[in-house]
Amino acid sequence: MNVQEKAGDLLIDIAKLIIGGVILASIISENINTLVLYISGSVCAAMLIFLGFYLYKLKPKRKEK
């Protein structure tokens, strides 16, 4: 496993934590604007998932002999 794959896994894990945090914050709901919470959480998670999959799919170029 190379560095790009590990970074991709890390970003996907962070996106999962953001999704969990959004769900927990909506359950607790102490003076939180839920619309802003859902939109910002969804945008951040989507960006991290996209970047994580992009890094995960990058393959190092191998030299041919």
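Among contacts in the protein chain between residues at least 6 apart in sequence, what percentage join residues at least 24 apart? In this predicted model, the share is 74%. The protein chain that produces this pattern has two helices and zero strands. Of its 65 residues, 20% count as buried. The accessible surface of the chain comes to about 5500 Å², and carbon and sulfur atoms account for 67% of that area.

The two helices can be taken in turn. Helix α1 covers residues 3–28. With 26 residues at 1.5 Å a residue, α1 should span 38 Å, and its end C-alpha atoms are 37 Å apart, which agrees. Just after α1 comes serine 29, a residue with a positive phi, near 45°. Helix α2 takes in residues 34–57, 24 residues in total. From its first C-alpha to its last, α2 reaches 34 Å, close to the expected 34 Å.

How the helices meet is seen from their buried residues. In α1 these are Gly8, Leu11, Ile12, Ala15, Val22 and Ala25, and they pack against α2. In α2 the buried residues are Leu37, Gly41, Ala45, Leu48, Gly52 and Leu55, and α1 is part of what covers them. As a reminder, an α-helix has 3.6 residues a turn, so residues three or four places apart point the same way.

The largest nonpolar core is made up of five residues: Leu11, Ala15, Ala45, Leu48 and Leu55. Both α1 and α2 give two or more residues to this core, and α2 supplies the largest share, with three residues. One member of the core, alanine 45, can be followed further: leaving aside neighbours within four places in sequence, alanine 45 is in contact with Ala15, Ile18 and Ile19.

Isoleucine 19, a contact of alanine 45, has its place in helix α1. Is isoleucine 19 buried or partly exposed? Its relative accessible area is 40%, so isoleucine 19 counts as partly exposed, since that value lies between the cut-offs of 20% and 50%. Isoleucine 19 also belongs to a nonpolar patch on the surface, together with Ile23, Leu24 and Ile27. The accessible area of these patch residues together is about 400 Å².

Charged side chains offer a further point of interest. How many salt bridges does a search of the whole structure find? The search finds one. Lysine 16 forms a salt bridge with aspartate 13, and their closest N and O atoms are 3.2 Å apart. Both residues lie in helix α1, three residues apart, which is about one turn of the helix. In general, side chains of opposite charge can pair when their charged atoms come close. As for accessibility, lysine 16 is exposed because its relative accessible area is 51%, whereas aspartate 13, at 38%, counts as partly exposed.

Finally, threonine 34 is found in helix α2. With a relative accessible area of 35%, threonine 34 is partly exposed. Threonine 34 and valine 22 are twelve residues apart in sequence, and their C-alpha atoms are 9.1 Å apart in space. Valine 22, for its part, is one of the buried residues of α1.

Note on methods
Residues numbered from 1 in each chain as written. Predicted model: local features only at pLDDT ≥ 70, side-chain atom pairs only at ≥ 80, totals over all residues. Heavy atoms only, no water. Helix = DSSP H or I, 4+ residues; strand = E, 2+ residues; numbered from the N terminus. Buried < 20%, exposed > 50% of the residue type's maximum accessible area, 1.4 Å probe, protein only. Contact = heavy atoms within 4.5 Å. Areas by Shrake-Rupley, 256 points an atom, 1.4 Å probe, with all protein chains shown as cover. Expected span 1.5 Å × (residues − 1). Patch = residues over 30% accessible without salt bridge, like charges linked within 9 Å, V, L, I, M, F, W, Y side chains within 5 Å. Salt bridge = Lys/Arg side-chain N within 4 Å of Asp/Glu carboxyl O. Core = buried A, V, L, I, M, F, W, Y, C linked by side-chain atoms within 4.5 Å.
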